[in-house]
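Dear colleague,

I am passing on the structure we spoke about, and I would be glad if you could look through it alongside the notes that follow.

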Amino acid sequence: MAANMATKPAPFPVTAIPLPPASSAPGLWEKISSWASENKVVVYTLATVTVVATGAGIYYISTADGKRPAPSETAASSTTGKKKRKNQKKKKDAAAKEAGGEKGGKKAEVEEENDGLPEVTEESVAALGEQERKDLASKLKVAGNSAYQSKNYARAISLYTQALLCKQDPVFYSNRAACYNATSEWDKVIADTTAAISLDPMYVKALNRRGHAYERSGQHSDALLDYTASCIIDHFSNETAANAVERLLQVIARERAAEMMKDKKRRLPSPTFVSNYLQSFRAKPPPQGLEDGVELDAASGLYQLQKGIAEMGRRTAESYAEAGEAFDRAVEIGGLGEHEAFAYNMRGTFRYLKGENTDALNDLTKAVELKPELTQSFIKRASMYLEEEGDQAKAIADFEKAISTDAADPDIYYHRAQLHFILGEFTDAAKDYQKSIDLDRDFIFSHIQLGVTQYKMGSVASSFATFRRCIKNFERAPEVYNYYGELLLDQQKYEEAIAKFDTAVELEKATKPMCMNVLPLINKALALFQWQSKDAVAEAQKLCESALIIDPECDIAVATMAQLLLQQSKVTEALKYFERAAELSRTENEVINALSYAEATRTQLTIQQRYPNLAPNFASSGFGGA
Ligand SMILES: *[C@@H]1O[C@H](CO)[C@@H](O)[C@H](O)[C@H]1NC(C)=O
Ligand SMILES: *[C@@H]1O[C@H](CO)[C@@H](O)[C@H](O)[C@H]1NC(C)=O
C-alpha cells in the first residue's frame, strides 16, 4: 500500500462534504465547460477543417453567388423583374396572337383573368407555356404574400398552392409553410418545408421554419439538426436560431439524462473523485475499538465497520467498493453499540457518493439523532441539503447546530467556508478558512482554499504569498503544487503552471504510487492545450491517456479527452468520449452537461454527412465571438 499509509493513521474521513468547486477538483468540469461554451462555435467548426482540405466544398463556393439569393432578396428581385418579364410575355403573346393559333387566344384570356386571379387548375396550367407559367406563378405568389400579410391564411394557402401548380419553387412551399405555421399545422409545415429544402438544401428560412415545427411537435433531434444547419449556413449570424440550438441541446440532453438516470447502476464514482471527496476532511484515527489489529468476531457488525475503515484507507476503486459494502453490512447486522451513529454516518457517506441521495440523507439524519456530538454528521447533512434540496437555510442551520455542539471543531468552519465559497461570499469564506486554520494548522486544504479564495477576491499577491507559505510548510504535498498551478494557469503563466503540475505529478507518484491522483495530469494537459504550442494537443492527449490508464473511470479525464479529440477534428472519437463522460458522471446535472456536448458533436457529424458542401462555411466563417 501507499508509503504514506504506514506513517499516518488510516485516514478516517470525518466530514465528507461533497466537494464544492475549489476543494477537490476546483471546477475542472466548469473549466472545460466554459471553454467549450466560449468556443461554442468552434465545436461546430473544428471538425470540418479536414473536409475542406480535401476540397469537398468547392461546389458551394462556386455556386454561392448565383444559387439562391436570401429569401428577402427573392421577393425584391421578383418585383423588379416583373415588368421585364411582363414585357417579354406581352411580346410573346402578341406573337402568338399574330400566329392566330387557338393557344394564343386562350393564353390571352388566362392572362386577363389572372389580374382578377381566377382559379388555376392543373388543366389550365397544362395549357400554358413555360414562361407563362412562371409569370402566372409569380403573380399568384405576390397575391399570396399580400393575403398572408393580411392574415388571410386560407386564401394565401390557396394562392401558393396554385402557384405551385404553375411552378415548383422552394419559396412557394416555404411561404405556404409560413401559413401553416401561423395556423399551427405542424405536419403540413414539415411537409412543405421539406419540399422546399429538397429543392434548395441551403434554404435558411425553410430550415428555420421546419426546425420550429419539429420543435413544436416534439421532434427535438430533427429540430436541432435544422437549426444547426441554418446557423452554419448563416455563419451563426441569427441569434434566435443560435439560441434555439442551445435550447434544444439542453432539452435533448435533459431527456436523455432522465432516461440514463433511471437505468443508471448506482455505483461509486472514480477513485479520484472519492479520494478528493474524502480527503477534504481531516484524517482522524479510527474510533476506539475499531483500530487495525483489534480482534473482532468476523460475524459481527463491528467487524464490518472495522473492515470498511481499513478498505477506505487503500484508496483504490476495489477497496472503496468493498468499504461501501462493509458499511452496508455493518448497519444490517447491527449490534454496534456506541458506534451505531458512526456506522450510519459512513453508510450515508457512501450512499451519497453513489448518488443515492435520499437514502444518504436519511442515514445522516439517523446519525445526528443517535449522536449529535458526532458533529461531522451535521456537516455532511448540510451539504446534502444544499445539493439535494438546494436548501441553504437548512444547511446553515446544520452548521450552527454543529458549532453549538462543538465550537472547537475545525472541520465545521472549513466546510461552512466551502458553502460560502460556492455562494460567492468570499469574505465570509476567507474568515471561516482562517478560523479553521487557527484551530488546526495541519490541514492543508484550509490553506489551499484560503489562497484560492484570496485569488477570487482579487488579491493575487496575498493569494500567491499564501501558496508560497504552503509550499514551505507542506513541501511534499502534491495538492499545493496542483492548486497553485491552477491559479498560475488562470494568470496565463503557462510555463510556471506546467512546472507546478510536473512537481505535483512527481509527488503524487512518489507518495501514492498505487493510488495517485490524476488531477495534476489533466491540469497539465489543459495547460498545454491552452498554451497552444504546436504539438501541445497531441501531448495533452497523451497525458489524458495516462490519466485514464491510472483511473479509467475519471470523468474529468474522459471529458478533457473528448475536447482534445474535437480540437483535432476527430469528431467520431470525441463523440464516444462525451458519451462515456455522461455514463461516468455522478449527478444528473453532470450527465446533462456531458450529453449536451455529445449531442452537439453528434449533430455536427450528421450535418457534415448531410451537407458536405457546407464545409467552406465551417472553415471560412471566422466567427470569432459570433
Ligand atoms: C432568425 O431565426 C428565426 C428563428 O429560427 C427566424 O424566425 C427569423 O426569421 C430569422 N431571422 C433572420 C433575419 O433570418
Ligand atoms: C411561426 O409562428 C409563430 C407564431 O406562432 C411565430 O412567432 C414565428 O415567427 C413563426 N416562425 C416561422 C419560422 O415562421
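A word on the annotation first: UniProt positions are given here in the numbering used for this structure, feature names are shortened, and annotations may be inferred rather than shown by experiment. With that in mind, an unreviewed UniProt entry places the feature "repeat: TPR" at residues 341-374, 410-443 and 478-511. Please also bear in mind that the model is predicted.

In two of these annotated spans the computed secondary structure can be set beside the record. Residues 341-374 are 82% helix and 0% strand, with the end C-alpha atoms 8 Å apart, while residues 478-511 are 91% helix and 0% strand, with 9 Å between the end C-alpha atoms.

For the protein as a whole, the secondary structure amounts to 34 helices and 2 strands. Of its 626 residues, 54% are buried, and among the contacts with a separation of 6 or more, 63% join residues that are 24 or more positions apart. The accessible surface is about 27700 Å², and carbon and sulfur atoms contribute 51% of it.

The ligand site may interest you most. Ligand 1 is surrounded by N208, Y227, N238, T240 and A241, a shell that divides into 2 nonpolar and 3 polar residues, with no charged ones. A polar side-chain atom of N238 lies 2.4 Å from an oxygen atom of ligand 1, and an N or O atom in the side chain of N208 is 3.4 Å from an oxygen atom of ligand 1. Taken alone, ligand 1 exposes 360 Å², of which the protein buries 47%.

With best wishes

Terms used. Residues are numbered from 1 along each chain as its sequence is written. Chains are lettered from A and ligands numbered from 1 in the order in which they are written. This is a predicted model: local features need pLDDT of at least 70, side-chain atom pairs count only at pLDDT 80 or more; totals for chains, interfaces and linings use all residues. Side-chain values use heavy atoms; hydrogens and water are left out. Helices (H or I, at least four residues) and strands (E, at least two) are DSSP runs, numbered from the N terminus. Buried means under 20% relative accessible area, exposed over 50%, partly exposed in between (1.4 Å probe, protein chains only). Contact means heavy atoms within 4.5 Å. Accessible areas come from the Shrake-Rupley method with a 1.4 Å probe; for residues, only the protein chains shown count as cover. A residue is near a molecule or strand if one of its heavy atoms lies within 4 Å of it. A polar contact is a pair of N or O atoms within 3.5 Å; within protein, one must be able to donate a hydrogen and the other to accept it, and residues adjacent in sequence count only if both atoms are side-chain atoms. Ala, Val, Leu, Ile, Met, Phe, Trp, Tyr, Cys and Pro count as nonpolar, Asp, Glu, Lys and Arg as charged, and the others, Gly among them, as polar.
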